[in-house]
Amino acid sequence: MAGGGADAVETAALCCAKCGKPAHLQCPKCVELKLPREGAAFCTQDCFKASWGSHKSIHLKAKLLELSPGNEQDATSPASSWLYCLKKGQARTLKMPNFDWTGTLRPYPISKKREVPAHIEQPDWASDGIPKVEPNSDLQHTVEIKTPDQIERMRETCRIAREVLDAAARVIRPGITTDEIDAVVHEATVSAGGYPSPLNYHFFPKSCCTSVNEVICHGIPDARKLEDGDIVNVDVTVYHKGVHGDLNETFFVGNVDEASQRLVQCTYECLEKAISIVKPGVRFREVGEVINRHALMSGFSVVKSYCGHGIGELFHCAPNIPHYARNKAVGIMKAGQTFTIEPMINAGVWRDRMWPDGWTAVTADGKCSAQFEHTLLVTETGVEVLTARLPTSPNVFPWIHS
Amino acid sequence: MEDDEDEPPLAVAITATVDHVISQPSDTFPPVGVTVITGYLGAGKSTLVNHILKTQHGKRIAVILNEFGEEIGVERAMINEGEEGGLVEEWVELDNGCICCTVKHSLVQALEQLVQRKERLDHILLETTGLANPAPLASVLWLDDQLESAVKLDSIITVIDAKNLRHQLNLHRDSSSFPEAYLQIAFADVVILNKVDQVMADDSGNILEELEKEIRDINSLASIIRSTRCQVELSKILDCQAYDASHVAHLEALLEQNKSLTTRELHDSGVRTLCICEPKKIDLDKVRMWLEEILWDKKYGMDVYRCKGVLSIVNSDQLHTLQAVREIYEIVPARKWRKDESQLNKIVFIGKLLNEEVLYDSLRACTVDNC
């Protein structure tokens, strides 16, 4: 993909499409149509003139795409496979969109939408991408105390979610694409009789989130192959027997440098420490204090835009649990509540940016980010980690001695 | 557009800036204040907005007109920038983000996008229609300082039609439903009593004084401004910093008038203002629990809408400010106590079923001598 120095502007690496010399000119029509500069830059008017015959066909292609409503290809059209994602998943486009990318990672085309067998119970967004029950529910304002029946169903669903994540963990290696990981997650979920909650949730195009390196969360599985040295988070949520179970882990791909290892381990510990304070009577606000303290002490920063959330028959509901300190989160933990804690910790600054696809959150400085998540149940005396590791879970974290 | 050009156009120089989304680093500019303008239909909200835009003030102000249904969301906003007297209307499509696991509500994200698109926005006016209760909006806009957001809730302004206020307040006296007017007044930082010319034409100034008393009985913290056609001095309504924990001066002046803040005659609505005072220093942990029991657990059966105060905390030389909107509250050290100051706790409550004695006693239980 685009070369050049880490923080250099893309133009520095542009070569003339005709002769290969450094390029500082581009076609004004391309500018007008907002087409990428790669392959459309020239060193002189002469080279541009010489390329014109073949170059102008790019405009034609873009024009054809323009003719379909919304300027991009409709995501539901039969040809919508291996295209770049736009508008939160509602559209696809042939060309990689323009953006001032914060790091070296780029989006890749995504595959066709995966099907879920009709006999599997689906949440209300599966058909049209729009959750209807969730946004209007009272559970967005009050924290539910789960009934014993709900708790039992959540135990089962969370266990399935754990097994699905473990299946993904087993295939992580250099050379595998995040799309292939998504296929594994999708298959494992459906085989267990569950629906992969992220699929079509507010139009999200895939069955899990895969977040590589500088991606903080909500990365969309695509055609990019994992590389030796990458870190990748896989976030799985399963919907089964009417309830959701949500967890994620960050994995090492091949040989990862020491700094990234420390980041991932610290993030794991942040979640561990947060879970250790969960019990009736503790303020939700405290979670952020604990996480923040540990992260800052290790020289890292805490992502502030995304938070832990209540979960159950709804995917996301009250309470909102920020991971940063000095937050105004309302409420106190009570037995029977189920929620997630999912700290995102960055090697550099805490700020996040959003990719043109409308989902992928990346660090503003392009440095790595790690995350871990569990679904928790508050018990009379403490906490039950519903998505806990099983004896069969793969041993991929060197600091866990099993 | 013709595609069949045989002659290529003149190539253009590639500039260093990328033509797509560039966001301004928000820490280079102070956050842009957001003023929520609420009030009944016809009270004069639009008149107020137009007045703000047309007045020669050299500020770039964006106005967002919003229809709030059951859900607070913004899909499209009309940006009306009054620049040197000229009005530019522009429909902006805002990204309706999903609320899943994001800290900032989609409305806030939309407002931040707005600030980052335009050069130097000085203020945002959020004109609401169909919103009976401004509290949910205030909760959404009152962000944690930690988020270092590009926008900041500045104040809630309620525009009231002086001619119709009595009628609106009376409307539900005999029924069980709760008039919106009470809520809009209770949550206001500024009340604009508009159309005073129409009232004074009929009667003497007494009616206006009575109206102001009714408003103060509900909410004695809000400043009341009389106006005709909403011609109000901008300095009185912009940059109020009503939700700024460090903006103590305004709060302190308010709390100087201790006695007069408490409503003596109970309004029919049951909504009133109550100010309590405690001279002894209080324990921070105890006062947090005290407040949480009142705001979160509805202990003592009281329904608190807003709360503002100055606290004297044991083992601290800092004056602490207290601010609450419904269940969301914040206690923050604001500045050092001055040597000559009497370090008192003063807290003002606005709400229903407020029990003065219970509040005094329970606050006293938080003092340090009382273990």
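Me: Where in chain A does A:His218 lie?
Reply: This is a predicted model, and in it A:His218 sits in the loop between strand E8 (215-217) and strand E9 (231-240) of chain A.

Me: What makes A:His218 count as buried?
Reply: The cut-off for buried is under 20% relative accessible area. A:His218 has 12% relative accessibility, so it counts as buried.

Me: Which residues does UniProt list for "binding site" along with A:His218?
Reply: The unreviewed UniProt entry gives A:His218 and A:His316 for that feature. They span 99 residues in sequence, but their C-alpha atoms are no more than 14.5 Å apart, so they gather at one spot.

Me: Where is A:His316, and is it buried or exposed?
Reply: A:His316 is in the loop between strand E12 (308-310) and strand E13 (317-321) of chain A. Its relative accessible area is 8%, under the 20% limit, so A:His316 is buried.

Me: How do you know that A:Asp235, A:Asp246 and A:Glu373 gather at one spot?
Reply: UniProt, again in an unreviewed entry, places a "binding site" feature at these three residues. Although they span 139 residues in sequence, no two of their C-alpha atoms are more than 8.2 Å apart, so they do gather at one spot.

Me: Why is A:Asp246 called buried?
Reply: Its relative accessible area is 3%, and buried means under 20%, so A:Asp246 qualifies. A:Asp246 lies in strand E10 (residues 243-252) of chain A. Leaving out residues up to four places away in sequence, A:Asp246 touches a list of residues that includes A:Asp235, A:His309 and A:Glu373.

Me: What makes E10(A) mostly covered?
Reply: A count does it: 10 of its 10 residues are buried. A:Val243, A:Gly245, A:Leu247, A:Glu249 and A:Phe251 point one way from E10(A), while A:His244, A:Asp246, A:Asn248, A:Thr250 and A:Phe252 point the other way, and all are buried.

Me: How do you know that E9(A) and E10(A) pair?
Reply: Two strands pair if DSSP finds at least two bridges between them. E9(A) and E10(A) have 10 bridges, in the antiparallel sense, so they count as paired. One of the matches puts A:Val234 opposite its bridge partner A:Glu249 in E10(A). In the hairpin of these strands, which has two residues between them, A:Lys241 takes a positive phi near 55°.

Me: Why does A:Arg153 count as buried?
Reply: It has 18% relative accessibility, and the limit is under 20%, so A:Arg153 counts as buried. A:Arg153 is found in helix H5 (residues 148-171) of chain A. Neighbours within four places in sequence aside, A:Arg153 is in contact with A:Lys241, A:Gly242, A:Val243 and A:Glu313.

Me: What makes E11 and E18 of chain A edge strands?
Reply: Three strands form an open, antiparallel sheet in the order E11-E15-E18 (chain A). Strand E11 (301-302) and strand E18 (369-371) each pair on one side only, and that is what marks them as edge strands.

Me: Over in chain B, why is H11(B) called roughly antiparallel to H12(B)?
Reply: The axes of helix H11 (residues 284-295) and helix H12 (residues 356-364) of chain B come within 10 Å and cross at roughly 150°. Angles over 145 degrees count as roughly antiparallel, so H11(B) and H12(B) earn that name. By class, their contact has five nonpolar, one polar and no charged residues.

Terms used. Residues are numbered from 1 along each chain as its sequence is written. Chains are lettered from A and ligands numbered from 1 in the order in which they are written. This is a predicted model: local features need pLDDT of at least 70, side-chain atom pairs count only at pLDDT 80 or more; totals for chains, interfaces and linings use all residues. Side-chain values use heavy atoms; hydrogens and water are left out. UniProt positions are given in the numbering used here, feature names are shortened, and annotations may be inferred rather than shown by experiment. Helices (H or I, at least four residues) and strands (E, at least two) are DSSP runs, numbered from the N terminus. Buried means under 20% relative accessible area, exposed over 50%, partly exposed in between (1.4 Å probe, protein chains only). Axes are lines fitted to C-alpha atoms, for helices over the stretch in contact, and angles run from 0 to 180 degrees between N-to-C directions. Angles under 35 degrees count as roughly parallel, over 145 as roughly antiparallel, 65 to 115 as roughly perpendicular and the rest as oblique. Ala, Val, Leu, Ile, Met, Phe, Trp, Tyr, Cys and Pro count as nonpolar, Asp, Glu, Lys and Arg as charged, and the others, Gly among them, as polar. Contact means heavy atoms within 4.5 Å.
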